[in-house]
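Subject: Structure handover

Hi,

Here is the structure I promised to pass on to you. My notes on what turned up follow right below it.

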Amino acid sequence: MTFEKIPYKIYLSEQELPAAWYNVRADMKHKPAPLLNPGTGAPMGFEDLRGVFCDELIRQELDNDTAEIPIPQEIRDFYKMYRPSPLVRAYCLEEKLQTPANIYYKFEGNNTSGSHKLNSAIAQAYYAKRQGLLGVTTETGAGQWGTALSMACAYLGLDCKVYMVKVSYEQKPFRREVMRTYGASVTPSPSMETEIGRKILQEHPGTTGSLGCAISEAVEAAAKNPGYRYVLGSVLNQVLLHQSVIGLETKAALDKYGVVPDIIIGCAGGGSNLGGLISPFMGEKLRGERDYRILAVEPASCPSLTRGKFAYDFCDTGMVCPLAKMYTLGSGFIPSANHAGGLRYHGMSPVLSQLYHDGLIEAVAVEQTKVFEAAELFARVEGILPAPESSHAIRAAMDEALKCKETGEKKTIVFGLTGTGYFDMTAYEKFHNGEMSDYIPTDEELQASFDKLPQVPGLD
């Protein structure tokens, strides 16, 4: 079969926007382990989670069996403002690298939030609004999730309280101001506003914070404010479900031209982008229909998959959330203040953790100076200034393409370009000034954190 030349950008029509999210858990032989009550060690059900999460989102969180969950029309209408997003054939990058590989990237940065986070933000805000809630609380690292949620809440008329990791709050004041433009209140975390925040500051004076700290504060704020619930931008099953729209569009665009990827690459912090990008491909792999090599890329400063333990752990530093079984560095691990704020999380999505544990995903950790070298080259040849998080996937995609150059193999590489880096100029400045360092935690530091993993009643 012959096909016309593949365009630089492949666009789907609005009519081709997915009508349902794909739940990869339905095809998993080994389901992700249930969330546990940290006090009793018992699995947490619908009623146990109602004080923190929205009702419909809990149902999605606990549903391991329904393969397709319809996307409500109001969410699809919102998606049409920026979706379907383009799948780009990186002809310029291929030429620059002189590689026989074909490289594609799914670009999720063509909305004001600057990233893929809006795909789940509008869904979570929609279900909160439908439940009759007043507002939601959340955490944000680099600020993409907080920006996305503030946009979604503004659209639906909900209040939005954001706890932003302090190092990002200070490094990215403009991201903070976009959130405030959309009506959100933004607090640097850890803060003196919550009991958890005050406790963390007492134990770690001068800390730059982490996603785990910010999660604790946001959960406490939701629990103490009637009419509010907590929403999360990554890690949870429901978030990966919403983000499956990325992979579904990617696969539909590739299918138009009969392209079958060999390698699918995504950056990994909590797992929302990677989980969303790979979902339909992983479904085929799980069903035995087709095989793909899937690669998760994480920062060497926060290497949860490559150096973490597969164990039950708290999702937050304050230890107020349920226990999740995942690859973790320990909830007390606070990563160095690197410039990929969205990847500075101690754990990994239970779905991705299980898939990795089962050998269905590979993982690699990369240093941030190498990441920014790749980001700069990509910006110069492809014309998009990438976010530091996305640039982890760019680095790995370039490395794989250069391996093809050595072997002469013509592999097809697809990676997720999760967002733009226009609010990350402090990071680019540090890189250009030669002030960026590569901090990698020692085995001793990680072991000290592992030693504090929770002892779960009823489990070894």
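Let me start with a helix pair: α5 and α6 are oblique to each other, because their axes cross at roughly 40 degrees and oblique is what remains once angles under 35 degrees (roughly parallel), over 145 (roughly antiparallel) and 65 to 115 (roughly perpendicular) are taken out. The axes of α5 (residues 118-130) and α6 (residues 144-156) come within 8 Å; axes are lines fitted to C-alpha atoms, for helices over the stretch in contact, with angles from 0 to 180 degrees between N-to-C directions. Helices here are DSSP runs (H or I, at least four residues), numbered from the N terminus.

The crossing of α5 with α6 is right-handed, meaning that the near helix is turned clockwise from the far one by less than a right angle, with anticlockwise for left-handed. Among the residues in contact (heavy atoms within 4.5 Å) are Leu-118, Ile-122 and Tyr-126 of α5 and Trp-145, Leu-149 and Met-151 of α6. By class, this contact has 13 nonpolar, two polar and one charged residues; Ala, Val, Leu, Ile, Met, Phe, Trp, Tyr, Cys and Pro count as nonpolar, Asp, Glu, Lys and Arg as charged, and the others, Gly among them, as polar.

Before going on, please note that this is a predicted model, where local features need pLDDT of at least 70 and side-chain atom pairs pLDDT 80 or more, while totals for chains, interfaces and linings use all residues. Numbering runs from 1 along each chain as its sequence is written, and side-chain values use heavy atoms, leaving out hydrogens and water.

α6 has a second partner, α8 (residues 173-181), with axes that come within 8 Å and cross at roughly 15 degrees; the two are therefore roughly parallel. This crossing is left-handed. Gln-144, Gly-146, Thr-147 and Ser-150 of α6 meet Arg-175, Val-178 and Met-179 of α8, which gives two nonpolar, four polar and one charged residues.

Elsewhere, Glu-376 sits in α15 (residues 368-382). Beyond its neighbours within four places in sequence, Glu-376 is in contact with Phe-431 and His-432.

You may also like the largest pocket, at about 420 Å³. Its 20 lining residues include His-204, Ser-331, Gly-332, Phe-333 and Lys-452, the closest to its centre. α9 (195-203) and α18 (443-450) each supply at least two lining residues, and α9 gives the largest share, four. A pocket is an open set of points on a 1 Å grid over the protein atoms alone where a 1.4 Å probe fits, with protein on both sides within 12 Å along at least five of seven lines; lining residues have an atom within 4 Å of a point. The volume is the space filled by probe spheres set on the points, which are joined across faces, edges and corners.

Best wishes
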